[in-house]
Amino acid sequence: MDTADFRRELDRRLAIIEDPTHNDPAAKDMPRGDWIALFAGCVVLIGAALAWGYPW
Amino acid sequence: MVKQEPDVTTSTAGEFTELPVLPQERLWGFWQFTSVNVGLAIATWAFLIGGTVALFAGVTTAIAATVIGNLVGVVLVAVGTCLPSAKYGIEQYTALRSVLGSNGVRTLIAILVPLTGAGWNAILAIMFGRAVTNVLNAVFDAGFDPNGPVVIGMSLLALLVSWVVLSRGPVSLEWVNKIVAPVLVVMTLVMLGVILANHSWSDLMSAEALAPFGDPRLDFAIALELSFAVAFAWWPITGNLARLTRTQRVSFWPNMIGLFGASVVAGLVGTFAALVIGDADPTAWMVPLGGAVLGVLALLFVAFANVTSIVAQTYSGGLGLIRAGGSVVRRIPWPVFVALLYTPPAIVVFWPATFYDNFFKFVAWVGMAMAPLTAVYLTDFFLLRRGRLVLRGLYEPEGVSRYSFWWGFNPAAILAIAAGSVTYFLLLDPITFESAAIFTYTTASLPALLVTAVVHTVLSVAWVRRAGKGGYGEPVAGNDRTPVEEAVG
């Protein structure tokens, strides 16, 4: 694809994405519950690993 | 014409990668992306990393350090690269124009791809050489030196075969997910079964580290640092894959199963094997663990798997270089270009002991580069831009784009990365592996992350934003939201 083709295809895609009716499920941010689960999981796992395996 | 449907096996192929993907082009749901992640994680280098951790840690320390290091590293890398790329459907190097500037990204690729490619390819080629040499020793009782001319010759052969394969196109990439990864999963489980069948858990727990520093806390910190570094080493590729996932949740959680879970399992199996056999080199484990026949088959497969890994990463990195280099690089014939990429590792393999047996130093270099890169991208996207980008601006030229800086470079990000790397160097010298006293309690990656984030934030707010550069001061939300923001933000 040469530069002109690339630019044309890019413009086509940006026009679709910038259309107010365009709906992409990936644009929705990760739910707050996922962040809480991630944080809690990390704290538990790191805490357990340190308690068990750190040479205190 | 542009490819409307990306080929899964060559997802980095062609100019398609630089364009934002549309919803119907997002190929991967949860389990498909999980499978890709597991395939990436279960590679021969996972054994090598596990063996390296065994140099400094026994089983208890290795499990704790491997779990913590990989968890923290993979979470930061996946949050920092996968969520933006999935949200906007773009490669992370496209998004990084908002952080480093357009020429800053080109420079990063021009430095990162040849250096890391040379390092990993040399390691994998020498591993191939050692594997074949061990096969010859096992079958013919040849007694070849593990650092001798046979290993060097076989390492060069690995690079030559990789060049021949890649010169004809990226066909071998398909082998990685379809053949190599599943067989390596089976090999990992068989190795674990053999180890546990022949050694009690108490035997394993009492196995001594192979070459510890002697201070248990320092050994823990080193094992932790190596685990951080191997997790940060995923940074250059994760976002480029995540752009093909259907939601941000799907772009994130599979990393925890693959890059975290599978890496930890494979790495720890490597650690256990190294501890019970007393050698950190994975090519020395197969015959003692599996016997002559199974061991030789396993070694031959390791050699084959290494060639596919060399080809896959060179192809991916090479395309990045071509896009960054523009018309000058595009004029070089593909076989010549691939040969140029293989030249640095072809020189390095002449010193197999110096490089392969000091793998942990290479890993520290990787950590010194990747931890600051992870931090600067995370800070810029989530803190300074509140998780919002204007897609069109990423494709507009310097001077027109809101993401314009000075001659295409963002000095704040560059200085922050430099500050992070210097911090790392002061805490852990990758050349000598000497560490500062405080390293035992802080590691090197975590302070490097923190320093990078603070320097980038301060310089961006106090300097770049005030200068009206980088789009930091321009509204992208609320009443002033542009159509792009309404659509994808």
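**T245(B)**

I began with T245(B) in this predicted model, and I asked whether T245(B) is buried or exposed. I count T245(B) as buried because 26 other C-beta atoms lie within 10 Å, and the cut-off for that class is 20 or more. I placed T245(B) in the loop between α11 (235-242) and α12 of chain B. Which residues does T245(B) touch once its neighbours within four places in sequence are left aside? I found R26(B), W28(B), F33(B), A86(B), V250(B) and S251(B) in contact with T245(B). I also looked up the pair T245(B) and R385(B), which are 140 residues apart along the chain and whose C-alpha atoms are separated by 23 Å.

**α11 of chain B**

Turning to the helix on one side of that loop, I noted that α11(B) is mostly covered, with seven of its eight residues buried. I listed the buried ones as W235(B), P236(B), T238(B), G239(B), N240(B), L241(B) and A242(B).

**α1 and α12 of chain B**

On the other side of the loop I took up helix α12 (residues 248-277) of chain B, whose axis comes within 8 Å of that of helix α1 (residues 30-41) of chain B, the two crossing at roughly 30 degrees. I therefore describe α1(B) and α12(B) as roughly parallel to each other, since angles under 35 degrees fall in that class. The crossing in which α1(B) passes α12(B) is right-handed. Which residues meet across this pair? From α1(B) I wrote down F30(B), F33(B), T34(B), N37(B), V38(B), L40(B) and A41(B), and from α12(B) V250(B), P254(B), N255(B), I257(B), G258(B), L259(B), A262(B), S263(B) and A266(B). Sorted by class, this contact has 11 nonpolar, five polar and no charged residues. I noted that F33(B) and V250(B), listed in this helix contact, are also among the residues in contact with T245(B).

**α6 and α7 of chain B**

I next looked at helix α6 (residues 102-140) and helix α7 (residues 149-167) of chain B, which pack with their axes 7 Å apart and at an angle of about 125 degrees. That angle makes α6(B) oblique to α7(B). I recorded a right-handed crossing where α6(B) passes α7(B). The α6(B) side of the contact is made by A125(B), I126(B), F128(B), G129(B), R130(B), V132(B) and T133(B), and the α7(B) side by V150(B), V151(B), I152(B), M154(B), S155(B), A158(B) and L159(B). By class I have 10 nonpolar, three polar and one charged residues for this contact.

**V422(B)**

I then checked V422(B), which lies in helix α19 (residues 411-427) of chain B. I class V422(B) as partly exposed because 14 C-beta neighbours lie inside 10 Å. V422(B) and V113(B) are 309 residues apart in sequence, and I found them 21 Å apart in space, C-alpha to C-alpha.

**Chain A and chain B**

How many residues of chain A are in contact with chain B? I found 31 residues of chain A in contact with 37 residues of chain B. The elements of chain A that give two or more residues to this side are α1 (3-18) and α2 (32-53). By class, the side of chain A that touches chain B has 20 nonpolar, two polar and nine charged residues.

I closed with the record, in which UniProt, in an unreviewed entry, lists residues 35-54 of chain A as "transmembrane region". In the model I found the chain over residues 35-54 of chain A to be 95% helix and 0% strand, with the end C-alpha atoms 27 Å apart.

Definitions and conventions. Residues are numbered from 1 along each chain as its sequence is written. Chains are lettered from A and ligands numbered from 1 in the order in which they are written. This is a predicted model: local features need pLDDT of at least 70, side-chain atom pairs count only at pLDDT 80 or more; totals for chains, interfaces and linings use all residues. Axes are lines fitted to C-alpha atoms, for helices over the stretch in contact, and angles run from 0 to 180 degrees between N-to-C directions. Helices (H or I, at least four residues) and strands (E, at least two) are DSSP runs, numbered from the N terminus. Angles under 35 degrees count as roughly parallel, over 145 as roughly antiparallel, 65 to 115 as roughly perpendicular and the rest as oblique. A crossing is left-handed if the near helix is turned anticlockwise from the far one by less than a right angle, and right-handed if clockwise. Two residues are in contact if their C-beta atoms, placed from the backbone, lie within 7 Å. Ala, Val, Leu, Ile, Met, Phe, Trp, Tyr, Cys and Pro count as nonpolar, Asp, Glu, Lys and Arg as charged, and the others, Gly among them, as polar. A residue is buried if 20 or more other C-beta atoms lie within 10 Å of its own, exposed if 12 or fewer, and partly exposed in between; C-beta atoms are placed from the backbone. UniProt positions are given in the numbering used here, feature names are shortened, and annotations may be inferred rather than shown by experiment.
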